[in-house]
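User: I would like to learn how to read burial, sheets and chain contacts in a model. Could you take me through them step by step?

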Amino acid sequence: MAYTKRSDERKMNELRPTSAKVGVVPNADGSAMFCQGDTIAIAAVYGPKIFNPKHFQNPEKGVLRVHYNMLSFSVGERIRPGVSRRSQEISKVTEWALTPLVLLDELPGTVIDVHINILQANAGTRCAGINAAAMALAHAGVPMTEMISAVAIGKIDDKIVTDVNKEEEDYEDGEGATDIPMAYLSNSGKITLLQLDGKIQAKRMKEALEAGKEACKKIFEIQKNALKEVE
Amino acid sequence: MVYKITRKNVLEAVTKEKRLDGRGLLDHRPIEIKFGVSNKAEGSVSVKMGKTEVVCGIKMGVAEPYTDHEGEGTMMTTMELLPLSSPNFEYGAPSVNSVETARIIDRGIRESGFIDFEKLCIKDGEKVWSIFIDLATINDDGNLIDVGALAAILALRTARFPEYDEKTERINFGEFTDKKLPLNEDKMPLTTTFFKLGDKIFVDPTREEEDVAEGRISIEMSKPGKDEMINAMQKGGDASFSAEEIGSIIEEEIKVFKKLNTLVEDELKKEKKGAK
């Protein structure tokens, strides 16, 4: 059976119910929570601070470090607390996604730590993590050229869909599921995160990128509004 | 590291029996409880005490029993001191601090008989339920043992079994039953840690107060009948305590226990109403 109706009855280009909140970790210099459907990410930023030990410092520019972690109870079957191969990779691609928008040249010798924790997982955790992290960076007053928003676009059977949920991610009929997490910078429109798992016709990739661009614009509005609420 | 000036300020305040935030020695900060913060967990809760926030998620698993307890389920408690929650926490192997905190919380729950482990047996000697009590800090401003212990109890009280397929002998994660965990609610343990500075004793310290304190005694208490029972204790820190001091700490704990017990039952009643 063709995928004509989404499992949660959303339109093909519709985001899941999305909300954001700034300042959820009082100890941090900046923090935010981002909820994308049933996925909840919390991000906290510490820094910029002097990078110790000193030999880690880059005298020419600051360093951005990202740590992504899923809480053990955020998924169906419990995962062991601590670092996994998956979390290491996601930390790295998130770092590559965020680094281009931070004015690190103005922060020599410093480090900015971004901690992302997934409280509840239902697909798209790295995207929710990036959305929360961008807000936390802005909340911390870290100098940035622009904001960033991320979304997972999917191809479920032969349909391009926005903001894939877990049920769609596991879809097996027809052409199956393709998961394409991506992140767009808010002003320059550049892409700083792109991953893909599945199979998609080369000629349809443009369509997927376009859907991502549209969705990220909507997410950016949600991030902006939440940041405006900060006292 | 503690600044001398911090120590001086805290000591002065405690000596006058009026703390830096205006509380008395045995007053708690405002407690805020939110249930169901993580919907994949069999039970979950966030507990805030002042600016400290800890989340707890209960996950169930199926495992082989221990050979010396063949007809009983198992339980494990962990505490993650997330670097997200404090500039003082780091990645890497769990610190002594996090291990000790988890173990204190674990012992109170285990020794009180709060969990009926025999009812967690699926097939004698072969398959039993295991309960994972996983705690994580969202913001650290002191008193993580007590906040964590409270979160663990509340998460256990609201947890329900996932569906278990007896044919495949597997759990259908994400599918929940209405069945609560086998708990002896009358044996519910509650934990208070008493901190010592100079000759003064206080509870629910902020991070600053906790770092300055010279020692602590944690008491996990339950009241299964007319007598209060102590199920676990732990003295921590370099300070020494006299037998009289320990006696008066226990007296105080009986009062604090009563207060916390009322709070817990009220919150659970509210949660039940909200669920209906």
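Analyst: A residue is called buried if 20 or more other C-beta atoms lie within 10 Å of its own. Please keep in mind throughout that this is a predicted model.

User: With that cut-off, which residues of H4(A) are buried?

Analyst: An α-helix has 3.6 residues a turn, so residues three or four places apart point the same way. In H4(A) the buried residues are A:Ala208, A:Ala211, A:Gly212, A:Ala215, A:Cys216, A:Ile219, A:Phe220, A:Gln223 and A:Ala226. The helix itself covers residues 205-228 of chain A and has 24 residues, reaching 35 Å from its first C-alpha to its last, which is close to the 34 Å expected at 1.5 Å a residue.

User: What covers the buried residues of H4(A)?

Analyst: The cover includes helix H2 (125-139) of chain A, together with strands E1 (18-22), E6 (148-156), E7 (159-162) and E8 (177-185) of that chain.

User: In what order do the strands of the open sheet in chain A stand, and which are at the edges?

Analyst: Strands of a sheet pair through backbone hydrogen bonds, either parallel or antiparallel. Here 4 strands of chain A form an open sheet in the order E7-E6-E8-E9, and the pairing is antiparallel. E7 and strand E9 (191-194) of chain A are the edges, and because each has a single partner strand, one side of each is left without a neighbour in the sheet. From one strand to the next, the twist averages 25°. E6(A) and E7(A) are joined over 4 bridges in the antiparallel sense, and A:Ile156 stands opposite A:Lys159 in E7(A). Helix H1 (residues 85-98) of chain A packs on this sheet, where it touches E6, E8 and E9 of chain A, and its direction makes about 165° with that of E9(A). H2(A) also lies across E6, E8 and E9 of chain A, running at about 165° to E6(A).

User: How many strands form the open sheet of chain B with E10 in it, and which helices lie on it?

Analyst: This open sheet of chain B has 4 strands in the order E10-E9-E11-E12, with antiparallel pairing. Its edge strands are E10 (200-203) and E12 (229-237) of chain B, each pairing on one side only. Strand E9 (residues 190-197) of chain B pairs with E10(B) over 4 bridges, and B:Lys196 has B:Ile201 as its bridge partner in E10(B). Helix H2 (residues 96-112) of chain B packs on the sheet, touching E9, E11 (215-222) and E12 of chain B, while H3(B) lies across E9 and E11 of chain B at about 175° to E9(B).

User: Is H3(B) mostly covered or mostly open, and what does it give to the largest nonpolar core?

Analyst: In soluble globular proteins, nonpolar side chains tend to be buried together. H3(B) is mostly covered, with 15 of its 15 residues buried. The largest nonpolar core has 138 residues, and the members that touch the most others are A:Val114, A:Ala132, A:Ala136, B:Ala151 and B:Ala152. Helix H3 (residues 144-158) of chain B gives this core its largest share, 11 residues. Beyond its neighbours within four places in sequence, B:Ala152 is in contact with B:Cys56, B:Thr77, B:Ile105, B:Ile109, B:Ile133 and B:Leu135.

User: How many residues of chain B are in contact with chain A?

Analyst: On the chain B side there are 29 residues, in contact with 22 residues of chain A. The elements that give two or more residues to this side of chain B are strands E3 (52-63), E4 (74-80), E6 (127-139) and E8 (170-180). By residue class, the chain B side divides into 13 nonpolar, 10 polar and 6 charged residues.

Key:
Residues numbered from 1 in each chain as written. Chains lettered and ligands numbered in written order. Predicted model: local features only at pLDDT ≥ 70, side-chain atom pairs only at ≥ 80, totals over all residues. Contact = placed C-beta atoms within 7 Å. Nonpolar A, V, L, I, M, F, W, Y, C, P; charged D, E, K, R; others polar. Core = buried A, V, L, I, M, F, W, Y, C linked by C-beta atoms within 7 Å. Buried ≥ 20, exposed ≤ 12 C-beta atoms within 10 Å, placed from the backbone. Expected span 1.5 Å × (residues − 1). Pairing = 2+ DSSP bridges. Axes fitted to C-alpha atoms, helices over the stretch in contact; angles between N-to-C directions.
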